[in-house]
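Visitor: I'm new to this one and would like a tour. Could you show me how to read it, feature by feature?

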Amino acid sequence: MTASRFLAPPTAPSFAAHRPTALLHAYRPRADRFFASPTRTLLARGVRHAVPHGSQPLSERVRATLDRARSPATPVPVVVGAIPFDLAAPCALVVPRALHWAPALASDPLIGQSGRSPVQGRYRLRPHPAPHEYAARVSAAVGRLRSGELDKVVLSRVLDVVGVQEIRLPGVLRRLAGRDPAGYLFAVPSGRDRTLVGASPELLVARRGRHLTTTLLAGSRPRGRTPAEDARHSKALRSSDKDRHEHAILVDAVLAALAPQCAQLHAPSTPTLLHTATMWHLATPLTGILATDGTTALDLACRLHPTPAVCGTPVHAARQLLQELEPFDRGMYAGLVGWQDAYGDGEWALTIRCAEVAQHTARLFAGAGIVADSCAQEETAETEAKFATLLHALGAGLPAAAGAV
Ligand SMILES: C=C(O[C@H]1C=CC=C(C(=O)O)[C@@H]1O)C(=O)O
């Protein structure tokens, strides 16, 4: 595969014709799917084919849908959308009627003007479970981790944000883009009248020909309110044994899952730091060369999912513990969002730092990786800090409203 084919898929002859921010501003809720990564911006309009629900593995159903969508006018169709945490549940992937591509949002000088001033919305905030109850569940998880039953579990909670007016998704998406233009931004229909919107920092996997990349994140601190506090937080994260252990569990699991597929696989021996507008993370960028041409981006994603960034280790024990300790359905949270073309190239990011929006209500999700040395109060504070990404974009993250959490 050549780089030029990757940069200008045949479905996107107008790749360079659009400004990234023009696609951002053209986004229409419900009719469109918007996805932006550090390499490209994509706006998908309408539905030509939907990937069906069924008992066959997801990546086979996607292959079959892409085959069906191939035509002289669209020789290399693309699927776009979201996949739930539970791969056996219905996905929200489609081959759109029209697809517009542009370079990365961060490359557009106008991105700085996107959604700069958050509107002050009037909202009621309902956490589930309440922070003290979540902390109790973290303590229960720590007990199980210390007994040796498992090594890590990612325990999440939700925050329902209920407004007096309908939530305006284009504004939410623009404010997310304005604050984190180099992240993975998305707004995709996720069910009847529901939209999954978010700004994820984590790439599960991207494939370009035989080249694959992932950016593994685990171990977090909130950004500081002053430069000095911010520097303290990043330094504390870098030197924390507990966070390095939490991170190493993720890197080891992903290396073990990818090794059989790869002729080469490279991970730096120590993590670096990555930041979003609200969080610091320990990060490991991993690169590899696939052993064969036949493995698609989604084959790789399904092989990896759920990683210890969103579930835990061992996976089976972690899933069981989540069933006991998480009193809600994750739905599209902690799943995947992205695109893949008929060549098998694509990008799949984790659906974290996101909300599912329906009319007046947004359900925000946030999780924290728990290991045997975790402190329940700190993990609870970490989930509160993670909620801030979406609270800010909704205009609900202002001190008075945040105090109600
Ligand atoms: C599960 C989430 O974050 C994951 C990604 C980065 C760092 C994480 C952590 O430090 O716990 C989580 O594993 C979330 O934001 O809901």
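Visitor: Which residues does UniProt list for "domain: Chorismate-utilising enzyme C-terminal"?

Guide: Before we start, keep in mind that this is a predicted model. The UniProt record, an unreviewed entry, gives residues 132–386 for that domain. Over residues 132–386 the chain is 34% helix and 37% strand. The C-alpha atoms at the two ends of that stretch are 17 Å apart.

Visitor: There's a ligand here too. Which residues come nearest to the ligand?

Guide: The ligand has 18 residues around it, and the nearest are Leu217, Ser220, Ile352, Gly367 and Gly369. The elements that each give two or more residues to this shell are strand 8 (152–163), strand 12 (211–222) and strand 20 (361–370). Strand 20 gives the most, with 5 residues.

Visitor: And how many residues of the shell are nonpolar, polar or charged?

Guide: By class, the shell has 9 nonpolar, 6 polar and 3 charged residues.

Visitor: Let's follow strand 20. Which strand forms a hairpin with strand 20?

Guide: That's strand 19, with 2 residues between the two strands. Strands 19 and 20 pair in the antiparallel sense over 4 bridges. To pick out one bridge, find Val357 and look across to its partner in strand 20, Ala362. Strand 19 also pairs with strand 10 (residues 194–200), again antiparallel and over 4 bridges. There, Leu196 has Glu356 of strand 19 as its bridge partner.

Visitor: Why is strand 19 largely enclosed by the rest of the structure?

Guide: Strand 19 covers residues 354–358, and 4 of its 5 residues are buried, so the rest of the structure largely encloses it.

Visitor: How should I read backbone angles, and which residue in the hairpin turn has a positive phi?

Guide: The general idea is that most residues other than glycine have a negative phi, and most peptide bonds are trans. In the hairpin turn, Gln359 goes the other way, with a positive phi of about 55°. Gln359 is exposed, because there are just 12 other C-beta atoms within 10 Å, and 12 or fewer counts as exposed. Asp193 also has a positive phi, about 60°, although it is not a glycine. You'll find Asp193 in the loop between strand 9 (184–191) and strand 10. Asp193 is exposed too, with 11 other C-beta atoms within 10 Å.

Visitor: You mentioned peptide bonds. Where is the peptide bond cis with omega near -10°?

Guide: Go to the bond from Thr313 to Pro314. Pro314 sits in the loop between strand 16 (312–313) and helix 9 (315–325). Another cis bond joins His128 and Pro129, with omega about -5°. Pro129 is in the loop between strand 7 (123–128) and helix 4 (131–146).

Visitor: Now the inside. How many residues does the largest nonpolar core have?

Guide: In soluble globular proteins, nonpolar side chains tend to be buried together. Here the largest nonpolar core has 114 residues, and those with the most contacts inside it are Val79, Phe186, Val205, Ala301, Leu364 and Leu394. Val79 makes a good starting point. Setting aside neighbours within four places in sequence, its contacts include Val51, Leu93, Val94, Val95 and Trp339.

Visitor: Which residues lie on each side of strand 5?

Guide: In a regular strand the side chains alternate between the two faces of the sheet. Strand 5 (residues 92–95) has Ala92 and Val94 on one side and Leu93 and Val95 on the other, and all of them are buried, so both faces are covered. Strand 5 runs antiparallel to strand 4 (residues 78–83), joined by 3 bridges, with Gly81 partnering Leu93. Strand 5 is also antiparallel to strand 3 (residues 49–50), with 2 bridges, and His49 has Val95 as its partner.

Visitor: What about Ser114: buried or exposed?

Guide: Ser114 is buried, with 21 other C-beta atoms within 10 Å. Ser114 belongs to the loop between strand 6 (98–102) and strand 7. Gly178 is 64 residues away along the chain, yet the C-alpha atoms of Ser114 and Gly178 are separated by 4.8 Å. Beyond four places in sequence, the contacts of Ser114 are Thr21, Leu24, Arg174, Ala177 and Gly178.

Definitions and conventions:
Residues are numbered from 1 along each chain as its sequence is written. This is a predicted model: local features need pLDDT of at least 70, side-chain atom pairs count only at pLDDT 80 or more; totals for chains, interfaces and linings use all residues. A residue is near a molecule or strand if its C-beta atom, placed from the backbone, lies within 6 Å of it. Ala, Val, Leu, Ile, Met, Phe, Trp, Tyr, Cys and Pro count as nonpolar, Asp, Glu, Lys and Arg as charged, and the others, Gly among them, as polar. UniProt positions are given in the numbering used here, feature names are shortened, and annotations may be inferred rather than shown by experiment. A nonpolar core is a set of buried Ala, Val, Leu, Ile, Met, Phe, Trp, Tyr and Cys residues joined through C-beta atoms within 7 Å. A residue is buried if 20 or more other C-beta atoms lie within 10 Å of its own, exposed if 12 or fewer, and partly exposed in between; C-beta atoms are placed from the backbone. Two residues are in contact if their C-beta atoms, placed from the backbone, lie within 7 Å. Two strands pair if DSSP finds at least two bridges between them.
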